[in-house]
Amino acid sequence: MEVVGVRIGLTVGSSAAALAFVLGGVALGTLSGLTPGLHVNNLALLLASVAPAVPGPPRLVGAAMLAAGVVHSFLDAVPALALGVPDAAMAASALPAHRLVIAGRGREAVRLSALGSGLAVALAVPLAVPVTRAMTVAYPTVRAHLPVVLGLVVAFLLLTEGSVRAFCGGAAGFAGSATLGHATLDLSPAAPLDAGGMLTPLFAGLFGAPVLLEALSGSGVPEQDDATIAASRRTVGLTAAAGSLAGAVVGYLPGVSSAVAAVLALALVPGSTDARGFVVATSGVNTANTIFALFALSALGTPRTGVMVALREAKAPVNLPLLLAAAGIAGLAGFLLVLSVGDRYLRTVGAVDQFRLSVGVLVLLVGLSWLFAGWVGAAVFGVATLVGLVPARFGARRVHLMGVLLGPLMLGA
């Protein structure tokens with residue numbers, strides 16, 4: 001009886017410790033996800049750098065890191081929705097999520113994002129086993145022909161633009177970002193933070209700053225209507241499922257981002273190519289990616305995301321039952337947090353002067369670039385901003401700017 005009592009006590013104590021670490025990761029992911037311009041890979045590098053100093057078993061530290069990454073993938077949609085909303089006259093060239101906000105459907109977009117991420121997590125777990133088995137067989141062939149595979153992805157993105165002008169703008173954006181990535185991704189400049197890297201200045205300049213510059217003359221977040229979801233349940237479910245499957249592409253294929261995979265996923269779901277479908281698909285890909293990348297790390301030993309790299313560097317064992325439980329708890333927390341924080345974030349941003357807000361966030365992005373990559377990072381941020389302005393000027397999607405990763409991989413594979 002005493003032995004049974006001791007075992008029960010140890011089990012309860014271990015479960016409580018694991019839950020405490022996971023909730024700590026949820027808190028970190030909440031802070032990072034709501035910070036504009038903070039890329040999840042930089043969060044992962046920071047976590048990896050402090051992991052050795054965290055008291056506790058490596059397996060629990062790893063669970064906390066994974067939980068932080070999952071929650072970040074839910075919540076980073078909130079500042080993306082609320083910040084950088086341009087004037088209504090620019091709605092045609094605005095980001096899909098911003099088009100919903102301009103139309104007063106920001107609260108609906110918040111819920112679509114939460115559903116996309118939440119459904120993707122629920123679907124990714126059962127899909128991960130068969131998809132991992134298939135990819136384990138196919139991966140050597142894919143790897144051997146990676147430039148061709150990535151080239152086909154780039155061609156698909158360009159050919160699905162709506163006009164010759166947009167095609168040219170997308171090609172110019174791809175070429176410029178690919179050149180920039182080839183020149184800077186391998187740099188390791190001196191920076192205030194040891195866990196630095198070039199991803200923050202590159203992504204902040206390519207994707208963040210241009211949106212904020214376009215929003216300087218805008219009127220900000222208009223008054224929002226009710227939160228009713230206009231899309232049918234079937235469309236949301238199918239789009240989330242397509243996003244979850246596309247998350248496998250991101251999890252196993254290097255260089256393919258959530259936005260790229262979302263474009264591929266939407267081509268599979270008729271009637272979902274509007275702004276609502278893009279929000280659901282992108283959110284789904286972004287979150288499902290973490291689950292598939294975890295299985296990829298377990299099966300292939302290859303980390304495909306910053307969080308997986310951080311797990312390996314922290315020497316955290318790949319304990320799938322524990323990590324999947326952590327991801328499940330973090331997914332539920334992320335879903336609830338998006339719903340509770342999203343509307344307030346929109347209201348708060350809507351009450352602030354748009355010009356001052358945009359300038360303030362631009363200053364924050366410059367500061368983050370300097371923290372992670374020093375003065376070299378600040379300079380790269382400026383160049384990346386100029387490149388990031390190109391696609392929208394031609395009416396092309398900004399997704400072509402992912403050439404910053406795809407281009408170097410195509411050349412170096």
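Entry 1, aromatic pairs. I took two rings of Phe, Tyr or Trp, with the six-membered ring standing for Trp, to pair if their centres lie within 6.5 Å. The model I searched is a predicted one, and by this rule I counted 2 aromatic pairs in it.

I looked at Phe 203 and Phe 207 before the tryptophans. Their ring centres are 5.6 Å apart and their planes meet at 35°, so I entered the pair as tilted, given that stacked needs planes under 30 degrees apart and edge-to-face needs over 60. I then asked where the two residues sit along the chain, and found both in helix α9, which covers residues 199-214. Because they are 4 residues apart in that helix, about one helical turn separates Phe 203 from Phe 207. For burial I used the cut-off of under 20% relative accessible area: Phe 203, at 16%, counts as buried, whereas Phe 207, at 24%, counts as partly exposed.

The other pair I noted is that of Trp 370 and Trp 375, with 6.0 Å from centre to centre and 55° between the planes, and it too is tilted. Trp 370 has a relative accessible area of 33% and is partly exposed, while Trp 375 reaches 68% and is exposed, the limit for that class being over 50%.

Entry 2, enclosed space. I searched for cavities of 30 Å³ or more and recorded 1 in the structure; the space in the largest cavity comes to about 30 Å³. I listed its lining as Val 154, Leu 157 and Phe 174, together with Val 399, His 400, Met 402, Gly 403 and Leu 406. Two elements, α7 (146-159) and α17 (403-412), give two or more residues each to that lining. Sorted by class, the lining holds 6 nonpolar residues and 2 polar ones, with no charged residue.

Entry 3, helix α7. Since α7 contributes to the cavity lining, I checked its geometry next. At 1.5 Å a residue, its 14 residues should span 20 Å, and I found the end C-alpha atoms 20 Å apart, which agrees. Which residues of α7 are buried? I noted Leu 146, Leu 150, Val 153, Val 154, Leu 157 and Leu 158. Viewed down the helix axis, these buried residues fall within an arc of 135°, so I describe them as lining one face of α7. On the face turned away from that buried side I found the exposed residues Val 148, Leu 152 and Leu 159. Val 154 and Leu 157 thus appear in both of my lists, as buried residues of α7 and as residues lining the largest cavity.

Definitions and conventions
Residues numbered from 1 in each chain as written. Predicted model: local features only at pLDDT ≥ 70, side-chain atom pairs only at ≥ 80, totals over all residues. Heavy atoms only, no water. 1 Å grid on protein atoms, 1.4 Å probe; cavity = no way out; pocket = protein on both sides within 12 Å on 5 of 7 lines; lining within 4 Å. Points joined across faces, edges and corners; volume = space filled by probe spheres on them. Nonpolar A, V, L, I, M, F, W, Y, C, P; charged D, E, K, R; others polar. Expected span 1.5 Å × (residues − 1). Buried < 20%, exposed > 50% of the residue type's maximum accessible area, 1.4 Å probe, protein only. Arc of directions from axis to C-beta.
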